[in-house]
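I opened this notebook to keep track of what I looked up, one entry at a time. The entries follow the order in which I asked.

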Amino acid sequence: MVRVISDTLMAADEREVTLLGMLDLLQHLQTGFGVTDVALQWIISFLTELTQQIAYNSKLSSIQAVLFGVPQGSVLGPLLYVLYTAELFHIVTRHRLRLHMYADDC
């Protein structure tokens, strides 16, 4: 992430354009990989209506909705990330751009 911020600031100093692309995973699974019907509904149910709670110093926070991301430590996390970003490499190569990729748990 530090590299992304650094390159963005350097590009701004040189009056270059920086583009941040955000993709819709579920739409990409449908159109790019043909995931439909029961499989798509299963992934939607896996990624929606998630909550989180933090335990610190023997106390629990209130339960909060998780609006984005894949459950931390999930088996599907790495696979969904690869599917989500697969097309970016082709786009970047075709337009001779530089690509930085960053992922965390949210």
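**Entry 1: a loop residue.** Is valine 35 buried or exposed? I found that valine 35 is buried, because its relative accessible area is 18% and the cut-off for buried is under 20%. I note at once that I am working with a predicted model, and that every value I write down here is computed from it. Valine 35 lies in the loop between helix 2 and helix 3. Leaving aside residues up to four places away in sequence, I listed what valine 35 touches, and the list reads Leu29, Gln30, Leu40 and Ile43. I also looked up one long separation, and from C-alpha to C-alpha valine 35 and serine 74 are 19 Å apart in space, with their positions 39 residues apart in sequence.

**Entry 2: the whole chain.** I then stepped back to the overall layout, where I counted 4 helices and 4 strands in the protein chain. Read from the N terminus, the order of these elements is α-α-α-β-β-β-β-α. The chain is more spread out than a compact globule, because its radius of gyration is 18 Å, well over the 13 Å that the globule rule gives for 106 residues. Along the principal axes, the C-alpha atoms fill a box of roughly 50 × 40 × 20 Å. I looked up burial for the chain as well, and 15% of the 106 residues count as buried. The protein chain exposes about 9,000 Å², and carbon and sulfur atoms supply 60% of that area. Among contacts with a separation of 6 or more, 41% are between residues 24 or more positions apart. For the charges, I noted that the mean positions of the 6 positive and 10 negative ones are 9 Å apart.

**Entry 3: helix 2.** Which residues of helix 2 are buried? They are Leu25, His28 and Leu29, and they cover an arc of only 105 degrees around the axis, which puts them on the same side of helix 2. These buried residues pack against helix 3 and helix 4. I looked more carefully at leucine 29, which lies in helix 2 and is buried with a relative accessible area of 0%. Not counting residues up to four places away in sequence, leucine 29 touches Gly34, Val35, Ile43, Leu80 and Leu83. I also wrote down its separation from valine 82, which is 53 residues in sequence and 11 Å in space, C-alpha to C-alpha.

**Entry 4: helix 3.** Helix 3 covers residues 37-47, and its buried residues are Leu40, Ile43 and Leu47. Seen down the helix axis, the buried residues fall within an arc of 65 degrees, so they line one face of helix 3. What do these buried residues pack against? I found helix 2 (25-33), strand 1 (50-52) and helix 4 (76-95) as their partners. On the face turned away from the buried side of helix 3, I noted the exposed residues Asp37, Val38 and Trp42. Valine 35, from my opening entry, touches two of the buried residues named here, Leu40 and Ile43, and leucine 29 of helix 2 touches Ile43.

**Entry 5: positive phi values.** I next went through backbone angles, and just after helix 3 glutamate 49 takes a positive phi of about 55 degrees. Arginine 15 has a phi near 60 degrees, a positive value in a residue other than glycine. Where does arginine 15 lie? Its place is the loop between helix 1 (2-13) and helix 2, and arginine 15 is exposed, with a relative accessible area of 79%. Serine 58, likewise a residue other than glycine, has a positive phi near 65 degrees. I found serine 58 in the loop between strand 2 (55-56) and strand 3 (59-60), where it is exposed with a relative accessible area of 83%.

**Entry 6: histidine 95.** My last look was at histidine 95, which is found in helix 4. Histidine 95 is partly exposed, with a relative accessible area of 49%. From C-alpha to C-alpha, histidine 95 and threonine 51 are 39 Å apart in space, and in sequence they are 44 residues apart.

Technical notes: Residues are numbered from 1 along each chain as its sequence is written. This is a predicted model: local features need pLDDT of at least 70, side-chain atom pairs count only at pLDDT 80 or more; totals for chains, interfaces and linings use all residues. Side-chain values use heavy atoms; hydrogens and water are left out. Helices (H or I, at least four residues) and strands (E, at least two) are DSSP runs, numbered from the N terminus. The radius of gyration is taken over C-alpha atoms; the globule rule is 2.2 Å times the number of residues to the power 0.38. Buried means under 20% relative accessible area, exposed over 50%, partly exposed in between (1.4 Å probe, protein chains only). Contact means heavy atoms within 4.5 Å. Accessible areas come from the Shrake-Rupley method with a 1.4 Å probe; for residues, only the protein chains shown count as cover. Lys and Arg count as positive and Asp and Glu as negative; His and the chain ends are not counted. The place of a charge is taken as NZ of Lys, CZ of Arg, CG of Asp or CD of Glu. The arc is that of the directions from the helix axis to the C-beta atoms.
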